[in-house]
Amino acid sequence: MYHLPVLKNRRTLLERADKFISDIYFTDCNLRGRLYGDSCPLQSIDSFLSSKRITFTEASNQTFAPYKVGDSFGPTWWTCWFKVTLNIPESWRGKEVHLRWESDGEAMVWRDEQPVQGLSKEGEKTSYILSDCLKDEEPHRSVPKTQVHCCFCNQLLTECLYFLLFSSVTLYIEMACNGLFGAGQGSMIAAPDPNRKFSVQKAELVVFNRDVQEMLTDFEMLIDIVKELGEGEQRGFQALFTVNEMVNLCDPSDPSSFSRAHSLAHTFFSQRNGDSQHVAHAMGHCHIDSAWLWPYEETIRKCGRSWVTVIRLMEKNPEFVFTCSQAQQFQWVKSWYPGLFSEIQHYVKKGRFIPVGGTWVEMDGNLPSGESMVRQFLEGQRFFDREFGIHCNEFWLPDTFGYSAQLPQIMQGSGISNFLTQKLSWNLVNTFPHNTFFWEGLDGSKVLTHFPPGNSYEMKGKVEELVKTVKNNKDKGRANHSAVLFGFGDGGGGPTQLMLDRLQRVQDTDGLPKVQMSSPDKLFSQLQADSALLCTWTGELFLELHNGTYTTQAKIKQGNRQCETLLHDIEIASSLALCRDKTFIYPVEKLQELWRLLLLNQFHDVIPGSCIEMVVDDALRYYEDIRTDGAALLHDACGALGSKGNSPGVFNSLPWERHEVIQMHEGPGTPDLALVRVPSIGVSPVGDTKPVAPVTITGQADGTLLMENGILRTVVNKDGTLASLYLINANREAISDSCHGNQFVMFDDVPLYWDAWDVMDYHLQTRKPVVEVVQPPHLVYSDGLRGSVRFTLRISDKSTITQEIIMDAMCPYIKFNTKVTWAESHKFLKVEFPVRVRSPNATYEIQFGHLQRPTHRNTSWDWARFEVWGHKWADLSEHNFGVALLNDCKYGYSVHKNTMTLSLLRAPKAPDVNADMGTHQFTYAIMPHTGSFQDASVIQAAYNLNFPLRPIRCPADTEPWSAFSISTAAVILETIKQAEDRKGALVVRLYESHGSSVTATLRTTFPIREAWHCDLLEKPDPTRPAHITSGGITLDFSPFQIVSLLLVF
């Protein structure tokens, strides 16, 4: 076709094409305006409103009332069920007919009592395809329509539009009164509006013009190529002139003109790349937060809506592959949607619906204990093996707030050698230097790691994302393959047909990366094959953002620590009871139930505290369930250990002898104290033991109080700070000159946006000591075994601190039992200890070990660590002297120069307006020491603070006994539990804690028949029997190595 020559001005031609497919401009005559043809109203719409999330069976039996489109309903978190009856006009034969449904909530279409399609305007799913076409021939209708296919179109009669012409169809639509991202009041992360109303804006039958949609996709992709390749690329101008000619050829009112325009597009898309072009491995994905801006229960429906939509796409797109993580979500779907779960199993077998990750949930990467991380993989991998017969080879954690340096070893021990994430692209200060690399953990374990260069786990198949994937690749020349994860995420939704169509257009188009539908195994296999030049990153992957999550929602963090401790003690006590009492039944099912609750709460928006109040309430209720049921299990196990005696005894769950003061009975009044000595992982009766040096408290002339126990001497000022902390035998003062320890400080805490997530570096400029004394320190208790003083400070007219400073006999640290009444807004409470130590690095406990971080701010990488995470302890040491800061439920630290700071409470207002409001009780401790922290038993002291000796009842003639012990303090026996698949066998887990190579002997009083090394999934290695001698089992450890053994009795 000949056209008069025109000035091919890039701007005008590009805007011309843009307007030709615009949904705003010129829709009366452009292509977009022809997407839908005729429409007709539904025969009837009736509704029923429920305050609860109920089953389809229950909902379908309710009384429905007529509903008018546009009427409002609600409030937030309720569910409105719609019963929709429709008839399709006979004149629509040969046309694609959709139920078009637009609302401001998430919805599920039910047909024939089964979920068939998710609907969400935010997720670009606003129609349900009733049938692809109408046939002129009438099908046979003598058997039930749910069992027969049309003999002409081979569709089920429930999907054949000819059949629908002669019978009305009834659908149910379950609509949640929330959007993909909850119901934030004013902004996405604001607290939900509890009174928000919802409505259906459009409900009708429409003819969908598929040929128009195909043309729109051609135009969109070409226009985006013009925009993304820019004026400097020849290929961009080729796309521009192609799309301009397509506008010339395409008459929106004449579908017969489409084929010539489509041929032009096809010619352009078919011009191929060279062999060296980057390859994008496209995988459908639907990241669903197990809870965040919506409660756990709503997540179950999000999974159902998203995954049933994926199944529908798989039916129409045989090449489509979808990746999906989190065993917990599969378990929910199995329970709530068994039919859908069966369909998922079918596509898993075909290798198209791919479970990934190997964990129970996508947990936080910093705060869970080492054993909790092991259980995430144990529960996840076992679930996937049992339900699908698969083993995940990759750890999938795209959206958590940092990654522990022990994760590579835990992955390797769980049969995983590959890791995918992308969150470090959010770094606020420094750009992480790699996308594909080997990550080396604390012990030297390595995993192949990939960060998709598109910096997203919810791409849409757009040209912009593909171009970004190539340009952002920081390992050009080393890695030529990248993941492209497409689909709506966070709140669910998943892929759409449009995304698949976009990617199909540009599978191998010159100027763009090659696109192939792929899988994690294919991607990582290719990366591994080409890995010779890849770099290695050693140590933690620290996210330079969201470091307020180490402190936000303190009660969730306290619940996590306490429940981890409780489950540890239950398993050890139950294992000992199992070996000592053959009638004892190990509580396998109940322990799994409690562990799964704990693991669920470790999801990466729950334990960090970045969730709405409803989720916080759910999480705290789960912790209370664990405490209640766990206390009963522990009582039963300890009862078996004590042989039902009536004399007081003590159970020690830790692998070293403990000599400390305990309180025999909780409650008001004078404490019932005893100084006990209990052997390693064992039991001892309570005896009348006297301390080497009694605790004394002396009032001094200046109003200060002097506390001493023969190990430590401290002076408590009139405001509760420490004027001195003296290590007696070393003749060393721990507090810096002219400074005070135990100084509470307040900071203004207003981040840039992510309220519950972020604390910004500039908050450090707003430091204000808490100095107003309500009640000065005064003696509470002193009897030789324990001495304590109490004081109260006023933070503001709304908040106070009451603290009891406790010194116990024989104890190397001072405890600070703290009660805070907290009613602040955007404030941050910390406690400081300026110490007389100089060191360029501080040490922090992490999972199964520790690591060092700088105490200076020389570089931007140092400065970005102004607030860091750790577990039970942090230590600042110089040669032969140091100070350790211990805690029983805190995770946020800062050590700058010589000031050690523990973060206590925050007060963000989004997404939970009441975050951390109320009363908090917690304990921290300060421990000066000589030598290294390893030699000073700081690690053991922190365990002692967190794992209390448990009072039990035992016979009066009980002799102290120990079930397990370890020959060196460097190795910690962390876990003893019944083996998952073998009764009469135990799994024990140990780790090297000092950072040393060491040989250790594990001793037990139980008769062991066999001992095998096993992995973290408890699979024994038949080539590695453990050597049993009369003295025990001898084991060799490298620094921070985790060792698991299967012991057969």
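## Cores, salt bridges and surface of a predicted model

In this predicted model, the largest nonpolar core has 269 residues, and those with the most contacts inside it are W307, F353, L829 and F964. Leaving aside residues up to four places away in sequence, F353 touches W307, V310, I311, M314, F322, C324, F330, I344, Y347 and V348. A second core, separate from that one and made up of 30 residues, includes L42, I45, L99 and L171.

### Salt bridges

The structure holds 52 salt bridges, and three of them are set out below with the distance between the closest N and O atoms.

| Salt bridge | N to O distance |
|---|---|
| R301 and E174 | 2.9 Å |
| R950 and D569 | 2.8 Å |
| E980 and K977 | 2.9 Å |

The salt bridge between R301 and E174, with its closest N and O atoms 2.9 Å apart, links distant parts of the chain, since R301 belongs to helix α7 (residues 296-316) and E174 to strand β10 (residues 169-176), 127 residues apart. Both R301 and E174 are buried. These two residues also belong to a network of salt bridges in which R53, E106, E174, E297, E298, R301, K302 and R305 are linked.

In the pair formed by R950 and D569, the closest N and O atoms are 2.8 Å apart. R950 lies in strand β46 (residues 950-954), while D569 lies in helix α15 (residues 554-580), so this salt bridge ties together parts that are 381 residues apart in sequence. Both partners, R950 and D569, are buried.

The side chains of E980 and K977 also meet in a salt bridge, and here the two partners fall into separate classes of accessibility: E980 is partly exposed, with a relative accessible area of 27%, whereas K977 counts as buried at 2% relative accessibility.

### Cysteines

How many disulfides does the model contain? With a disulfide taken as a pair of cysteine sulfur atoms within 2.5 Å, the count comes to 0 disulfides. For C563 the reason can be stated directly, because the closest cysteine sulfur, in C889, is 12 Å from the sulfur of C563, which is too far for a bond. C563 counts as buried at 0% relative accessibility, while C739 is partly exposed, with a relative accessible area of 29%.

### Helix α19 and strand β24

Helix α19 (residues 938-946) is mostly covered, 9 of its 9 residues being buried; the residues concerned are V938, I939, Q940, A941, A942, Y943, N944, L945 and N946. One of these, Q940, has its C-alpha atom 14 Å from that of V678, although the two residues are 262 residues apart along the chain.

V678 itself has its place in strand β24 (residues 673-678) and, at 0% relative accessibility, counts as buried. When residues up to four places away in sequence are not counted, V678 touches V650, N652, W656, E657, R658, V683, S684 and L949.

### A nonpolar patch on the surface

Which residues form a nonpolar patch on the surface? The patch consists of M188, L752, Y753 and Y762, which together have about 390 Å² of accessible area. Within this group, Y753 is found in the loop between β31 (743-748) and β32 (768-769), and Y753 is partly exposed, with a relative accessible area of 41%.

Notes
Residues numbered from 1 in each chain as written. Predicted model: local features only at pLDDT ≥ 70, side-chain atom pairs only at ≥ 80, totals over all residues. Heavy atoms only, no water. Salt bridge = Lys/Arg side-chain N within 4 Å of Asp/Glu carboxyl O. Helix = DSSP H or I, 4+ residues; strand = E, 2+ residues; numbered from the N terminus. Buried < 20%, exposed > 50% of the residue type's maximum accessible area, 1.4 Å probe, protein only. Patch = residues over 30% accessible without salt bridge, like charges linked within 9 Å, V, L, I, M, F, W, Y side chains within 5 Å. Areas by Shrake-Rupley, 256 points an atom, 1.4 Å probe, with all protein chains shown as cover. Core = buried A, V, L, I, M, F, W, Y, C linked by side-chain atoms within 4.5 Å. Contact = heavy atoms within 4.5 Å.
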